[in-house]
Protein chains: 2
Amino acid sequence: MTLKIGLVGLGKIAVDQHIPAIRGNKGLELVAGCSPASAPDGILRYPDMGAMLAAHPEIQAVSICTPPQVRHQLAGEAIAAGKHVFLEKPPAATVGEAASIAAMAAQRGVTALAGWHSRFAPGVESARNWMLARPIKSIKIRWKENVRQWHPGQKWIFEAGGMGVFDPGINALSILTRLLGGYALVRKASLQVPSNCSAPIRADLDMVSEHGVAIDAEFDFLQLGQQTWSIFVESEAGDTMALHLGGRTMEVNGKVVLDEPEREYPSMYEHFLGLVASGRSDVDLSPLQAVADAFLVGKLSSVEPYYE
Amino acid sequence: MTLKIGLVGLGKIAVDQHIPAIRGNKGLELVAGCSPASAPDGILRYPDMGAMLAAHPEIQAVSICTPPQVRHQLAGEAIAAGKHVFLEKPPAATVGEAASIAAMAAQRGVTALAGWHSRFAPGVESARNWMLARPIKSIKIRWKENVRQWHPGQKWIFEAGGMGVFDPGINALSILTRLLGGYALVRKASLQVPSNCSAPIRADLDMVSEHGVAIDAEFDFLQLGQQTWSIFVESEAGDTMALHLGGRTMEVNGKVVLDEPEREYPSMYEHFLGLVASGRSDVDLSPLQAVADAFLVGKLSSVEPYYE
């Protein structure tokens, strides 16, 4: 028995990650895809989701890889048709929309997965176990990359709803909230918004866990030279643990204890299959909630305009 | 049997609303209050909540009327001490903090109430019943007041986390989400932020209900002349219903059908007593979520500086 999947949206993330991950899993079968534009070789394309589902009633689940702004509408239609839904990150444009998708899936009795891919980086579960074994004093996030290098041509990222530096930063927050097992409470936020943009290019967050652990986070989209995707944890006893390269390597007291190749999307699809098999959902709002709360309490400063 | 209450924060809202509402309810007894500043006549004052609760172990519930930034910490301490908590609006500075308070109360087995006072305006339940009786086409919110008239000296309102025009606007959103019985999903937001401030002075929201009803909202903090706190609803059949004066009067097809004196806080304390008696909580996140989501997707524009 395989789970028959339709892909909604055939852009870069679908081609780079979803298609290989689906094809690499014997429990999954990629039936077709839909996109108003073109399709990669070997994908049966329909112009929209309605046409795809009408032509292939055997599709049991859809992976929604469109821009976030249309995910709530599409997820609602898929759920109403009785399909399971796998949502690229962030699961929707707003927390309210994401909560609404979770409620619709629960009511219809189908599975929904908010695909926080960075949580499936190789070091994350080991880091979580390290933290569960001892009292934690503090956490630092340093997530610094060059937007011009990693996001060429993605103008939408600095538009309203594009989230700016939180587009990569939410990956760090998705790891953080997994490590905490709950919300990251935003106490203060400083947001630097280029004068010609609607979203921040740098952000500093002062947060606390629900158990009072202090968390400070720096997100920078103008990092030249060494790129940094690291989370540093210090225990009450003074031991240190760090995740680097977005969770691909883990250090304890300065020594590398884990260094594995990344297989985030294959792991996510294994998780999705497990959820479908057991009739459960996994729509964790906490990473997107931390971003929304940072905007809510953020102190804005206007900085020099950004031109790619 | 009366419920013995301690007041945390003795500022304007405590004096104007909480103290008279508690004194006017035979099921409640106001034991003491705390504030680092002064107390109104007839209130036994302590400098902080810890001192108040230590001196009066008979206190069963606290009403937290401090600025939002410290409510999560204080509510956590009160809940840990086994006290029920009544939270002024908004229940906390962020949605994450409010969710955390609800979780702590549930775990400790005490009652928490997020006091969305505008939901207790006389017309709200009648408006809700009118809407439940017919298919709804659209909703318009017009919430326009003069900040200089209603918020003199409240500099914090335009600081980070002060929410600007959403400070009154969240009252409209609390009525809206009660009328909808769920989330208001923010599709687009336009936020006008004075160049010397961190929070909007005008905001336009394009929203939709979970059932697809279109909602458009205009919030204006620079309204001169006629002040407006109104919600207009149109049914699919073309009938109209409106709430005016923040829900104190209700019109159907242009004719006033309800006009009653406001008693929001007395009604809220009756609700709080009912929750405590039945061991329930009522911490609805949806009004604050709509504001956070509006900041998340909002298109910012810088407008002329604001000086009181």
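# Exercises on helix packing and buried residues

The largest nonpolar core of this predicted model has 164 residues, and those with the most contacts inside it are A:Phe166, A:Phe219, B:Phe166 and B:Phe219. The exercises below start from that core.

## Exercise 1

State which residues A:Phe166 touches, leaving out residues up to four places away in sequence.

**Solution.** Step 1. A:Phe166 is one of the residues with the most contacts inside the largest nonpolar core. Step 2. Beyond four places in sequence, A:Phe166 touches A:Leu173, A:Leu191, A:Pro200, A:Ala203, A:Leu205, A:Phe219, A:Val291, A:Ala294 and A:Phe295.

## Exercise 2

Classify the crossing of helices H7 and H9 of chain A, and describe the contact between them.

**Solution.** Step 1. Helix H7 covers residues 166-180 of chain A and helix H9 covers residues 286-297; their axes come within 8 Å and cross at roughly 125°. Step 2. Angles over 145 degrees count as roughly antiparallel and those from 65 to 115 as roughly perpendicular; H7(A) and H9(A) are therefore oblique to each other. Step 3. The crossing in which H7(A) passes H9(A) is right-handed. Step 4. From H7(A), the residues in contact are A:Phe166, A:Ile170, A:Leu173, A:Ser174 and A:Thr177. They meet A:Ser286, A:Pro287, A:Leu288, A:Ala290, A:Val291, A:Ala294 and A:Phe295 in H9(A). Step 5. By type, the residues of this contact are 9 nonpolar, 3 polar and no charged.

## Exercise 3

Determine how far H7(A) is enclosed, and what follows the helix.

**Solution.** Step 1. Of the 15 residues of H7(A), 14 are buried, so the helix is largely enclosed by the rest of the structure. Step 2. A:Gly181 follows H7(A) and has a positive phi, near 70°.

## Exercise 4

Decide whether A:Leu191 and A:Ile231 are buried or exposed, and list the contacts of each.

**Solution.** Step 1. A:Leu191 lies in strand E8 (residues 184-194) of chain A, and A:Ile231 lies in strand E11 (residues 228-235) of chain A. Step 2. Buried means under 20% relative accessible area. A:Leu191 has a relative accessible area of 1%, so A:Leu191 is buried. A:Ile231 has a relative accessible area of 1% and is therefore buried. Step 3. Apart from neighbours within four places in sequence, A:Leu191 is in contact with several residues, including A:Phe166, A:Pro200, A:Ala294, A:Phe295 and A:Leu300. Step 4. With the neighbours within four places again set aside, the contacts of A:Ile231 include A:Ile139, A:Trp143, A:Ala172, A:Ile175, A:Leu176, A:Leu179 and A:Met241. Step 5. A:Ile231 is 12 residues from A:Phe219 in sequence, and their C-alpha atoms are 12 Å apart.

## Exercise 5

Describe the packing of helices H1 and H8 of chain B, then place B:Asn25.

**Solution.** Step 1. H1 (residues 12-23) and H8 (residues 264-278) of chain B pack at an angle of about 55°, with their axes 8 Å apart. Step 2. H1(B) and H8(B) are therefore oblique to each other, and H1(B) passes H8(B) in a right-handed crossing. Step 3. B:Ile13, B:Gln17, B:His18, B:Ala21 and B:Ile22 of H1(B) make the contact with B:Tyr265, B:Pro266 and B:Tyr269 of H8(B). Step 4. Those residues divide into 6 nonpolar, 2 polar and no charged. Step 5. B:Asn25 is found in the loop between H1 and strand E2 (28-34) of chain B. With a relative accessibility of 14%, B:Asn25 counts as buried. Step 6. Outside its neighbours within four places in sequence, B:Asn25 is in contact with B:Tyr269, B:Glu270 and B:Leu273.

Definitions and conventions: Residues are numbered from 1 along each chain as its sequence is written. Chains are lettered from A and ligands numbered from 1 in the order in which they are written. This is a predicted model: local features need pLDDT of at least 70, side-chain atom pairs count only at pLDDT 80 or more; totals for chains, interfaces and linings use all residues. Side-chain values use heavy atoms; hydrogens and water are left out. Axes are lines fitted to C-alpha atoms, for helices over the stretch in contact, and angles run from 0 to 180 degrees between N-to-C directions. Helices (H or I, at least four residues) and strands (E, at least two) are DSSP runs, numbered from the N terminus. Angles under 35 degrees count as roughly parallel, over 145 as roughly antiparallel, 65 to 115 as roughly perpendicular and the rest as oblique. A crossing is left-handed if the near helix is turned anticlockwise from the far one by less than a right angle, and right-handed if clockwise. Contact means heavy atoms within 4.5 Å. Ala, Val, Leu, Ile, Met, Phe, Trp, Tyr, Cys and Pro count as nonpolar, Asp, Glu, Lys and Arg as charged, and the others, Gly among them, as polar. A nonpolar core is a set of buried Ala, Val, Leu, Ile, Met, Phe, Trp, Tyr and Cys residues joined through side-chain atoms within 4.5 Å. Buried means under 20% relative accessible area, exposed over 50%, partly exposed in between (1.4 Å probe, protein chains only).
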